[in-house]
Amino acid sequence: MERVDAPSLKELVALSGRDPLSRDLLLAQVRDMAVRYSRVRLGRFGAEDTAQDVAQEVCMAVIAALPTYQERGLPFEAFVYTIISRKLVDAQRAAMRGPAPVPDVPDGPDDAPSPETVAVMRDDAATALALMQRLPGQQREILTLRVAVGMSTEETAAALGMSTGAVRVAQHRALGKLRTMISQAERGDVA
């Protein structure tokens with residue numbers, strides 16, 4: 001639930017040039033958006049920890065861009081969302097390139113999920129992603145932002161430059177298509 005007294009990102013951007021507290025509040029909100037979205041996007045590459053690094057790079061890019069930022073009719077969230085998307089592309093490329101260093105072998109038992117559990121979770125995630133890839137791009141982005149990232153309808157609408165009603169309708173249609181595709185897959189129908 002959103003606090004009533006919390007200033008909007010647009011207000012924080014306007015105040016950030018002359019008020020350090022506003023700039024800090026802006027960066028905290030930007031960082032939160034970046035971490036949530038990055039965790040979802042990088043999860044399939046096994047690089048969940050990289051989300052923190054991506055969020056830091058996004059914050060640095062926003063700080064660097066603030067002095068020259070000009071509002072052009074789009075919400076500030078859309079500007080931030082564009083930066084996050086570009087930083088994620090770089091992180092995804094890096095994750096696909098090579099092996100990651102392995103920490104020291106632990107002395108005690110491992111409480112992490114078993115390889116079988118991880119394989120089943122990844123298979124389920126791959127199935128869900130494959131079905132989502134069959135959705136139109138806008139519906140796929142709306143579901144990612146609303147369901148996976150946990151953004152509100154208003155935040156999603158602001159990030160994508162849409163009305164809240166259009167987001168709700170597109171989300172409803174996307175979920176309906178996914179239910180149909182799952183049902184067809186369970187019956188063995190080929191769509």
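Which backbone oxygen lies 2.9 Å from a polar atom of the side chain of T82? The backbone oxygen belongs to A78. Keep in mind while you look around that this is a predicted model.

**T82 and its helix**

You will find T82 in helix α4, which covers residues 76-97. How much of T82 can be reached from outside? Its relative accessibility is 34%, so T82 counts as partly exposed, because that class sits between the buried limit of under 20% and the exposed limit of over 50%. If you would like a longer-range marker from here, try R140: 58 residues separate T82 and R140 along the chain, and their C-alpha atoms are 16 Å apart.

**Two side-chain pairs**

Next, have a look at R41, a residue of helix α2 (residues 20-43). Its side chain makes a polar contact of 2.4 Å with the side chain of E141. Once neighbours within four places in sequence are set aside, R41 touches L88, Q92, E141 and T144, so E141 appears both as a polar partner and in this contact list.

Q171 offers a second pair to inspect. Q171 belongs to helix α8, residues 164-187, and its side chain is joined to that of R146 by a polar contact of 2.9 Å. Is Q171 buried or exposed? With a relative accessible area of 14%, Q171 is buried, because the limit for that class is under 20%. Beyond its neighbours within four places in sequence, Q171 is in contact with I142, L143 and R146.

Here are the polar contacts side by side:

| Side chain | Partner | Distance |
|---|---|---|
| R41 | E141, side chain | 2.4 Å |
| Q171 | R146, side chain | 2.9 Å |
| T82 | A78, backbone oxygen | 2.9 Å |

**The cavity**

How many cavities of 30 Å³ or more does a search of the whole structure find? The search finds one. The largest cavity holds about 40 Å³ of space. Its lining is made up of M33, Y37, Y81, L145, V149, M151 and A159. Helices α2 and α6 (137-149) are the elements that give two or more residues to this lining. You may recall α2 as the helix that holds R41.

What classes of residue line the largest cavity? The lining has seven nonpolar residues, with no polar and no charged ones. Tyr counts as nonpolar in this scheme, so Y37 and Y81, both in the lining, fall in that class.

Key:
Residues numbered from 1 in each chain as written. Predicted model: local features only at pLDDT ≥ 70, side-chain atom pairs only at ≥ 80, totals over all residues. Heavy atoms only, no water. Helix = DSSP H or I, 4+ residues; strand = E, 2+ residues; numbered from the N terminus. Polar contact = N/O pair within 3.5 Å; in protein donor to acceptor, adjacent residues only side chain to side chain. Contact = heavy atoms within 4.5 Å. Buried < 20%, exposed > 50% of the residue type's maximum accessible area, 1.4 Å probe, protein only. 1 Å grid on protein atoms, 1.4 Å probe; cavity = no way out; pocket = protein on both sides within 12 Å on 5 of 7 lines; lining within 4 Å. Points joined across faces, edges and corners; volume = space filled by probe spheres on them.
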